[in-house]
Amino acid sequence: MRSAKAPTRAAQNIVLLTGGRLAALYNTALRRSIRNTNSLFQRCSFRRQPMRVLALLFLCALFAAACAPTAPIQDAASSAAACASCHPDHTRDHARSRHANAANGELYRALRDTTPNNTRAFCDSCHRPEVGTSDGLSCDSCHRAVANFGTSNARLRWDRTGPLSSARAESVGTPAHGTRFHGFLPSSELCGTCHEVEGPGAFRETPYTEWQRSPAARVGDTCVSCHGSPTPGRPTPRPMARAALDPMAPSPDRPRTDHRFVGPDDDPESAARLLVGSATLTIRREGTDAVVTVTSAVSGHSLPTGVRAVRELWLEVSTVDRLGRVTVVSGALDGDQELAPPPSGAPWIALHDELSPGLPTEATIVRVRALEPAQSVSARFPIAAETATVRARLRYRSQSQSLRRALGLRGPAPEPIDVATAELL
Ligand code: HEC
Ligand code: HEC
Ligand code: HEC
Ligand code: HEC
Ligand code: HEC
């Protein structure tokens, strides 16, 4: 999918041009529909027979309601609302996904607002790719993407007028819209075009290049295999379900892609389904030490991946003495719920990016500490004589509390999720 020369500027111009064209098409469609309503009104010569007029209007409305969904939508600026009548499940799942809400995240808006105008436009190119709306991604953002100009920085090429892309050769289209099989839709290159960020400061995300060299890629598992499955993060078979609920056209059963694309910013229960089990944790005794080892169990990319500069993934180690008193030796949160290296100088393990200076927008040095698939990291803790049990847990927090404070955001960061736990008696 990567073209030999990847002229960013030209690509962005094309995107903007398509945006302009999109707005023009939308206006034309709107004008056309207003014109149609007017001529209908004239043809019915309503003014002389008010009662019949009302009855006719009612019938017209019923007719319009019944037929509206089958009006061709392939050349209009179709947003998710245009798909809801026939694809209610996909539309509902998309609506509560981070994709549909990509432009209104609290942390996103706060960080974006600290940057200059040209950087804001850069942020918007992924978080609000549909020009002229305040929404995040729409159905079109993926189902009209047909290629890229290089797999990073939102350099997508959209076909705004052709049939919608399907991942199934057997999809024949419908009166409402054409469909065609397009290999770009289910590819990791589609996802990677936005999920690979080469931005200012610490705005660096590399899931796509990590995936390219991953064990998952070698066995043919793509981003969608794991993130569109009914078990977030695991490539399990997808359930069969009606592709569409359209009374006017046949809708066969097809494998259902979970359009929530669950991520760590979703509700805690969904986020836990993705995160729990992504690492294994062991503690073993070596003389008078406890050695704690964290091993990544993610085969698709690093742990963590994506926007690591705002996340926290760290090891907490505590000891319990014979009276049941718990002491956190490493990875404790302070009274303000902020995470910092242990003041005692005890070893500690953190897997999110280390930034200097601390704000993602200002950082000039970014140290990546994430684990590659199956990679391990260990730390050694001395065990005091009175220790009865050593406990360890690997904790994930989708936002760092200190970043929230630095940006003046009120309220606590989300509760940490325990990705893995272990105990040594
Ligand atoms: C009037 C009903 C109707 C509307 C509105 C509609 N669709 Fe469809 N769509 C269908 C039907 C019926 C099919 C099944 C045809 C087939 O795939 O053989 C379908 C198929 C699809 C497919 C291919 C299914 C597959 O298995 O790969 C995609 C993708 C799709 N629609 C997306 C959309 C999007 C995006 C919108 C809104 C922009 C939309 N549809 C609006 C009725 C509709
Ligand atoms: C083999 C399954 C698998 C594949 C393939 C895979 N992922 Fe993941 N992904 C996971 C798991 C498990 C997690 C949760 C653990 C983690 O954060 O790494 C995750 C987490 C994520 C996150 C949340 C960020 C984080 O780490 O906090 C993003 C974003 C993501 N994946 C994007 C992608 C993209 C983009 C691709 C394709 C280039 C992809 N994934 C391929 C399994 C997979
Ligand atoms: C982030 C990208 C993305 C967005 C946004 C998106 N889709 Fe999809 N959609 C996909 C991919 C990828 C597939 C095919 C996956 C496969 O089969 O490998 C798909 C498949 C489908 C299918 C075929 C049946 C299925 O479940 O696989 C339908 C229908 C569909 N999408 C409708 C929609 C509608 C309607 C919207 C908006 C409400 C939407 N999609 C938004 C990526 C997206
Ligand atoms: C047009 C750009 C774009 C495309 C294409 C895209 N994404 Fe995303 N995706 C985003 C953005 C932006 C976010 C972050 C939204 C937010 O602010 O939380 C996101 C969030 C996610 C998350 C949730 C992470 C979280 O923060 O909770 C997952 C999982 C994900 N995408 C997977 C995919 C997969 C799989 C594909 C390919 C089918 C894909 N994305 C295609 C832009 C895109
Ligand atoms: C090339 C595409 C792209 C660009 C440009 C981009 N992002 Fe993102 N952003 C993403 C994706 C994809 C995710 C989801 C990754 C994950 O969950 O790990 C994301 C997630 C985030 C998140 C975490 C989710 C949330 O909403 O809280 C924040 C904050 C964020 N981005 C801020 C920014 C800011 C600020 C800019 C501009 C300086 C920016 N991004 C530019 C693609 C992009």
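**Ligand shells, helix α5 and Thr282**

Trainee: Which element gives the largest share of the shell around ligand 2?
Mentor: That is α10, with four residues. Helices here are DSSP runs of H or I with at least four residues, strands are E runs of at least two, and both are numbered from the N terminus.

Trainee: Anything I should know about the model and its numbering?
Mentor: This is a predicted model, where local features need pLDDT of at least 70 and side-chain atom pairs count only at pLDDT 80 or more, while totals for chains, interfaces and linings use all residues. Residues are numbered from 1 along each chain as its sequence is written, and chains are lettered from A and ligands numbered from 1 in the order in which they are written.

Trainee: Back to ligand 2, how many residues surround it?
Mentor: There are 29, and the closest are Cys223, Cys226, Gly233, Gly300 and Pro304. A residue counts as near if its C-beta atom, placed from the backbone, lies within 6 Å of the molecule or strand. Two or more residues each come from α7, α8 (207-212), α10 and α11 (268-275).

Trainee: Which domains feed that shell?
Mentor: Domain 1 (8-73 + 82-262) and domain 2 (277-424) each supply at least three residues; the bounds come from an automatic or database domain assignment.

Trainee: And what surrounds ligand 4?
Mentor: A shell of 25 residues, with Ala102, Cys191, Cys194, Gly263 and Asp265 the closest. Here α7 gives the largest share, four residues.

Trainee: α5 (117-127) also supplies that shell. Which of the residues of α5 are buried?
Mentor: Phe122, Cys123, Cys126 and His127. Buried means 20 or more other C-beta atoms within 10 Å of the residue's own, exposed means 12 or fewer, and partly exposed is in between, with C-beta atoms placed from the backbone. Those four sit on the same side of α5, because they cover an arc of only 125° around the axis. The arc is that of the directions from the helix axis to the C-beta atoms.

Trainee: What's on the face turned away from the buried side of α5?
Mentor: The exposed residues Asn117 and Asn118. The buried residues are covered by elements including α4 (106-113) and α7.

Trainee: New topic: where is Thr282?
Mentor: Thr282 is in strand β9 (residues 279-286). Thr282 counts as partly exposed because it has 15 C-beta neighbours inside 10 Å.

Trainee: What is Thr282 in contact with, leaving aside neighbours within four places in sequence?
Mentor: Thr293 and Ala422; contact means C-beta atoms, placed from the backbone, within 7 Å.

Definitions and conventions: Two residues are in contact if their C-beta atoms, placed from the backbone, lie within 7 Å.
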